[in-house]
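Please look through the structure shown here before reading on. The report then takes up a few of its parts in turn.

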Amino acid sequence: MKAIQILSVAPYEELQNMVAMVAAEYAQIHLDFFTGNLERAIEYVAAFPQQKFDAIISRGGTAKFLRQHVDIPVIEIEISTLDMLRALKLAERCGEPFAVVGYGSIIRMASGLCDVLQYDRPIIREITMNNVRQQIEELRDQGVQMILGDVIASETAEEVGLLSILIASSKESVAAAFESAIALCRNIARDQAYYKLYRDIVDCIQVGIVIFDRSGRYIQSNHLAKTMDQEMLMETLQKYLPLLQEQGELRTYKKSCNQLLEITGQIFLDNGNQYSCFFIRMSYKTSSIIPGIAVEHLEEKTQGKRLFLFAPKIQSTINMIEDAIQSNASVIIVGEQGMQKTALARYIHSQSRRRSGMFIHISCDTLQDRQWTQFTSNISSPINGKDCTVFFENIHRLAPNIQTQLSAYIDDTLLYKRNRIICSSVVDLQELVMKEQFSLALYELLSQSVIFLPPLRERREDIPTLVNLLLNQLNVENNKSVGGVEPEAMAILQSYTWPLNLVQFEKTMSRLVKNSNSYLITAEEAAREMQQCWSTHVEAALGMTIDLQRPLDEIEKDIIHQVLAEVGMNQSVAAKRLGISRSTLWRKLK
């Protein structure tokens with residue numbers, strides 16, 4: 001069992017010292033302390049999240065009062081019979097008229113003990129937080145010279161000029177409180193583990209489950225049920241609830257704007273309580289047979305490395321992403337190949353208020369007119385529903401005739417109000433509109449917000465951050481222990497142009513970690529990997545075959561000459577194409 005976090009709340013240091021001494025005998029207990037009056041104790045506990053402590057131990061009235069203000073278990077350090085007898089004997093030996101004053105537990109203990117031992121019964125007076133001073137002043141006026149009680153009673157007695165004896169808790173009483181706390185926490189942990197197990201099992205079931213009590217009050221539902229249209233679902237189930245309670249079981253169908261629901265119901269009884277349980281199955285037949293269109297149910301937090309979020313030098317881009325998460329506006333994500341634009345779209349969806357809805361992924365590279373018509377014309381299609389995110393990947397490649405259809409569909413069906421629209425493009429759509437290569441009407445509907453992701457070569461200063469971000473996870477994935485990158489190797493990584501950006505960077509780092517045999521990635525390893533990346537890219541782009549046996553500067557010169565030949569020896573154009581400055585180009589040609 002994990003360590004039990006217990007907070008000890010006590011009014012005086014002596015009790016805390018005893019608590020600490022006893023706690024040292026329990027290896028599984030981690031103890032925090034608060035010493036002070038009741039009001040400050042409540043403020044102290046309220047300052048922490050409830051889950052910080054598994055239980056609180058305290059005494060008498062303090063424990064009773066804490067139970068009224070916190071939701072975690074409060075274990076009372078009780079006054080034992082021996083504790084009370086010891087205090088009574090001390091008071092008796094003093095020879096002064098005394099009274100026992102305290103909360104209910106102390107009063108019951110004192111009364112019972114006096115009756116059993118046939119003591120001359122002293123005055124026994126029960127108090128509350130509001131009348132303690134009044135009660136003690138009345139006792140003083142009646143001739144009582146000494147108060148036997150808890151901390152509050154003792155302190156008040158001294159304030160009004162009376163003697164006092166504190167009924168202290170023994171070590172055995174503190175140990176008993178710890179034993180009770182340990183037993184209770186173990187039971188709670190066991191019950192929580194069972195509940196989580198059952199909950200996880202129910203959440204994995206590919207059937208929505210919703211439960212109501214006898215009065216029709218909503219009790220609970222599983223994960224799949226929560227991803228459905230809640231307003232429609234609850235309205236439908238409330239409609240069928242009386243019928244289910246009357247018949248004991250139910251089977252019906254409900255056609256929604258974006259789903260066909262098969263609803264079955266059953267009554268369950270537990271300890272005299274009656275529960276109505278509905279089981280909801282749904283199907284999206286059209287989405288599974290159309291190439292290029294996928295309907296996904298994303299988790300609340302998407303998996304994988306989100307490198308686009310780590311850009312210290314372009315905070316404005318991060319701010320735009322955060323704004324996109326909070327808003328409902330249509331978004332265009334613009335960035336070169338490999339900038340994780342699809343991952344960013346999923347991230348925005350997963351963090352937005354529509355996170356429980358569907359993520360409809362439409363690939364514009366393959367989408368044909370017939371497929372689009374088939375997908376949108378079916379009333380059961382998820383795109384005709386609401387609270388989804390519709391993502392058009394590579395919207396710039398959408399055929400002109402489908403651009404016109406999409407513009408009309410968005411406008412006519414108010415898609416941008418029912419669902420969230422996100423698009424990605426490798427080029428600025430505004431430039432395509434100016435060249436009349438993209439629909440102006442569609443651009444106006446899609447471009448409420450535009451997020452530009454600068455290529456990696458324009459933010460080389462972020463590369464050390466990205467390297468260290470990736471190393472830990474790559475070490476785990478590859479069972480490695482790479483601790484960092486040599487400065488010379490980092491310089492090589494920063495000097496590369498990264499034509500495929502974050503995707504290429506992540507794969508390159510993965511290979512470097514996988515192939516590294518030392519604590520630090522060396523400059524030699526980085527240079528070898530970058531040489532391979534460069535030659536692969538150039539071969540793909542220029543159709544050249546690169547001889548990797550030659551020195552790197554000779555390979556670079558061949559590539560530069562090839563590019564210069566293709567651009568008519570224009571050094572400015574060649575430098576831009578190679579991702580370097582004109583001065584760097586001139587230096588490499590020397």
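What follows is a short report on the chain as a whole, on one pair of helices, on several salt bridges and on a few single residues.

## The chain as a whole

The model is a predicted one, and this should be kept in mind throughout the reading. The chain has 590 residues, of which 47% count as buried, and its secondary structure comes to 24 helices and 21 strands.

The accessible surface of the chain amounts to about 30,100 Å², and carbon and sulfur atoms hold 51% of that surface. If one takes the contacts in the chain with a separation of 6 or more, 65% of them are accounted for by residues that are 24 or more positions apart.

## How helix 4 meets helix 5

Helix 4, which covers residues 81-94, packs against helix 5, which covers residues 104-117, and their axes are 10 Å apart. The angle between these two helices is about 75°, and since an angle of 65 to 115 degrees counts as roughly perpendicular, helix 4 and helix 5 are therefore roughly perpendicular to each other.

Which residues make this contact? On the side of helix 4 they are Thr-81, Met-84, Leu-85 and Leu-88, while helix 5 brings Ile-106, Met-109, Ala-110, Leu-113, Cys-114 and Leu-117. Sorted by kind, the residues of the contact of helix 4 with helix 5 are nine nonpolar and one polar, with no charged residue among them.

## Salt bridges

Side chains of opposite charge can pair when their charged atoms come close. In this chain the count comes to 16 salt bridges, and one of them joins Glu-25 to Lys-171, with the closest N and O atoms 3.4 Å apart. Glu-25 lies in the loop between helix 1 (13-23) and strand 2 (29-35), whereas Lys-171 lies in helix 8 (residues 171-204), so the pair ties together parts of the chain that are 146 residues apart in sequence. Is Glu-25 buried or exposed? Glu-25 has a relative accessibility of 51% and counts as exposed, while its partner Lys-171, at 35%, counts as partly exposed.

Another salt bridge is formed by the side chains of Glu-92 and Lys-89, at 3.9 Å from N to O. Glu-92 and Lys-89 both belong to helix 4, where they are three residues apart, about one turn of the helix. Glu-92 is partly exposed, with a relative accessible area of 43%, and Lys-89 also counts as partly exposed, at 31% relative accessibility.

Asp-141 and Arg-140 form a salt bridge as well, and here the closest N and O atoms are 3.6 Å apart. Asp-141 counts as exposed, at 61% relative accessibility, while Arg-140 counts as partly exposed, at 35%. In addition, Arg-133, Glu-137 and Glu-159 are joined into one network by salt bridges that share partners.

## Residues distant in sequence

Glu-14 is part of helix 1, and with a relative accessible area of 54% this residue is exposed. Although Glu-14 and Ala-168 are 154 residues apart in sequence, their C-alpha atoms are 9.2 Å apart in space.

Glu-126 is found in strand 6, which covers residues 123-126, and counts as partly exposed, at 47% relative accessibility. Glu-126 and Val-101 are 25 residues apart in sequence, and from C-alpha to C-alpha they are 5.8 Å apart in space. When residues up to four places away in sequence are not counted, Glu-126 touches Gly-102, Tyr-103, Gly-104, Ile-107 and Gln-135.

## Two residues with a positive phi

Leu-414 is not a glycine, and yet this residue has a positive phi of about 55°. Leu-414 lies in the loop between helix 14 (400-413) and helix 15 (415-418), and with a relative accessible area of 35% Leu-414 is partly exposed.

Trp-498, which is not a glycine either, has a positive phi of about 50°. Where is Trp-498 found? Trp-498 is found in the loop between helix 19 (487-495) and helix 20 (501-515), and at 0% relative accessibility this residue counts as buried, because buried means under 20% relative accessible area.

Methods:
Residues are numbered from 1 along each chain as its sequence is written. This is a predicted model: local features need pLDDT of at least 70, side-chain atom pairs count only at pLDDT 80 or more; totals for chains, interfaces and linings use all residues. Side-chain values use heavy atoms; hydrogens and water are left out. Axes are lines fitted to C-alpha atoms, for helices over the stretch in contact, and angles run from 0 to 180 degrees between N-to-C directions. Helices (H or I, at least four residues) and strands (E, at least two) are DSSP runs, numbered from the N terminus. Angles under 35 degrees count as roughly parallel, over 145 as roughly antiparallel, 65 to 115 as roughly perpendicular and the rest as oblique. Contact means heavy atoms within 4.5 Å. Ala, Val, Leu, Ile, Met, Phe, Trp, Tyr, Cys and Pro count as nonpolar, Asp, Glu, Lys and Arg as charged, and the others, Gly among them, as polar. Buried means under 20% relative accessible area, exposed over 50%, partly exposed in between (1.4 Å probe, protein chains only). Accessible areas come from the Shrake-Rupley method with a 1.4 Å probe; for residues, only the protein chains shown count as cover. A salt bridge is a side-chain nitrogen of Lys or Arg within 4 Å of a carboxyl oxygen of Asp or Glu.
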